[in-house]
Amino acid sequence: MTPKLSQGRHYLAIPGPSVIPDAVLQAMHRPAPNIYKGELVDLVEGLFPDLCKVGRTSHHVAIYIANGHGVWEAALANTLARGDKVLVLATGTFGHGWGDVAEGLGARPQVLDFGNRSDIDMSRVGEALKADVNHEIRAVLAVHVDTATSARNDIAALGRLIADLGHPALLMVDCIASLGCDRFEMDDWGVDVMVTGCQKGLMTPPGMGFVYFNDKAAAARDRANCVTPYWDWKRRVDPHVFYEYFFGTAPTHHLYGLRQALDMILTEGMQNVWHRHEVLANAIWRAIDIWSEGGSMEFNMADPAKRSHAVTSLRMTAPFATQLREWAEDQAGLTLGIGLGLAPSNSPQSHGFFRIGHMGHVNAQMIMSVIGTIDTGLKALNIPHGSGATEAAAQYIADQQSV
Ligand SMILES: *Cc1c(COP(=O)(O)O)cnc(C)c1O
């Protein structure tokens, strides 16, 4: 057997958890701090305004020791009463997943399914809201970027639609994959509740989640009857004593990591963070355009305007996608994302999907390495593909950054 070339620094290019910056790892490598006073307490107080800057809101944010599924539940538990109707806008696995959590809490989801290859169709949402003459729908749940399909939804248009119809439902948005990658404006876009996690665009190891909410959502909390003590956001944003921020022991080392990550994001600047993700996503897409000429690969989302800048979901003739992922990991030290929800798992078709994560701590040389490695794998495996993809991506970045 030929010796492998995978020894060296491994690259995890999956759509979350994302690459952890060395500076974040180093910030976490320290002795345990006092959790009652001093440095850690000051650090936590400083996180809230900076989390709000990243979420583009002047309202509230509650921190949970939880993953994305945890804050899905927290957001719903604080705003819904049992039996409430919620309108679920599904453009992939994650939209359906959030709707299932609502159902589990005793709400009544009405699911509008837009399939796996399309964004939210606003005309269908408008019809559903207009049909709701008694305003039984209490919340509209949408996913900004569905990580399974890589569809990016137009949340600004959704916010305008709800406002234009004068419908009182809360607009609740999952930005777990998109925050710190794709442009998102909580207040300007009319979003009442937004949830995110720390392990994607926020570049921190998995384990913390965030629920952002405005005053309209805070008012909904008063009639919510699903909420249990741990998930209640009231004291978490307005604690009498420090431990109430977390309803227990603070996630000490994660907080140091997050502090460092927020410093990196805010030093770069939100506009620059969004721009970097946009250019790097486009470089990958130039390469995919060329590979696709071979007939074995295509975008899951055909329209670039509806694609996320954080993740790209791809379709290949089965079993090429699995072969390519395995080659990249075993032979080159690059882990690509598996397909999610586009075919039954373990079916022959499930070997025809993969995803590239390009979120968070990624730069041009890393993205050129992902492209070059995929190009190499396609050649090593004799998978039909157009040639010149790496060249096209290089030319695209060069054109953007010419000095
Ligand atoms: C990753 C992700 C989730 C789930 O987050 P977990 O931390 O795995 O629970 C939910 N929604 C979206 C859009 C995601 O990308």
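Here are some questions and answers about how helices sit in this predicted model.

User: What kind of model is this, and how are its residues numbered?
Analyst: This is a predicted model, where local features need pLDDT of at least 70, side-chain atom pairs count only at pLDDT 80 or more, and totals for chains, interfaces and linings use all residues. Side-chain values use heavy atoms, leaving out hydrogens and water, and residues are numbered from 1 along each chain as its sequence is written.

User: Is helix H3 largely enclosed or not, and how many of its residues are buried?
Analyst: Helices (H or I, at least four residues) and strands (E, at least two) are DSSP runs, numbered from the N terminus. Buried means under 20% relative accessible area, exposed over 50%, partly exposed in between (1.4 Å probe, protein chains only). Among the buried residues of H3 are Trp 72 and Leu 76. H3 covers residues 68-77 and is largely enclosed by the rest of the structure, because the buried residues number 8 of the 10.

User: Which residue caps the N-terminal end of H3?
Analyst: Look for a polar contact, a pair of N or O atoms within 3.5 Å; within protein, one must be able to donate a hydrogen and the other to accept it, and residues adjacent in sequence count only if both atoms are side-chain atoms. Here a side-chain oxygen lies 3.1 Å from the backbone nitrogen of His 69, and the capping residue is Asn 67.

User: What do the buried residues of helix H6 pack against?
Analyst: H6 spans residues 155-165, and its buried residues include Ile 155, Leu 158 and Ile 162. Contact means heavy atoms within 4.5 Å. The partners are strand S3 (85-90), helix H5 (122-131), S5 and S8.

User: How is H5 oriented relative to H6?
Analyst: Axes are lines fitted to C-alpha atoms, for helices over the stretch in contact, and angles run from 0 to 180 degrees between N-to-C directions. H5 and H6 pack at about 30 degrees, with axes 11 Å apart. Angles under 35 degrees count as roughly parallel, over 145 as roughly antiparallel, 65 to 115 as roughly perpendicular and the rest as oblique. So H5 and H6 are roughly parallel.

User: How does H2 lie relative to H9?
Analyst: The axes of helix H2 (residues 39-55) and helix H9 (residues 252-268) come within 10 Å and cross at roughly 40 degrees. That angle makes H2, relative to H9, oblique.
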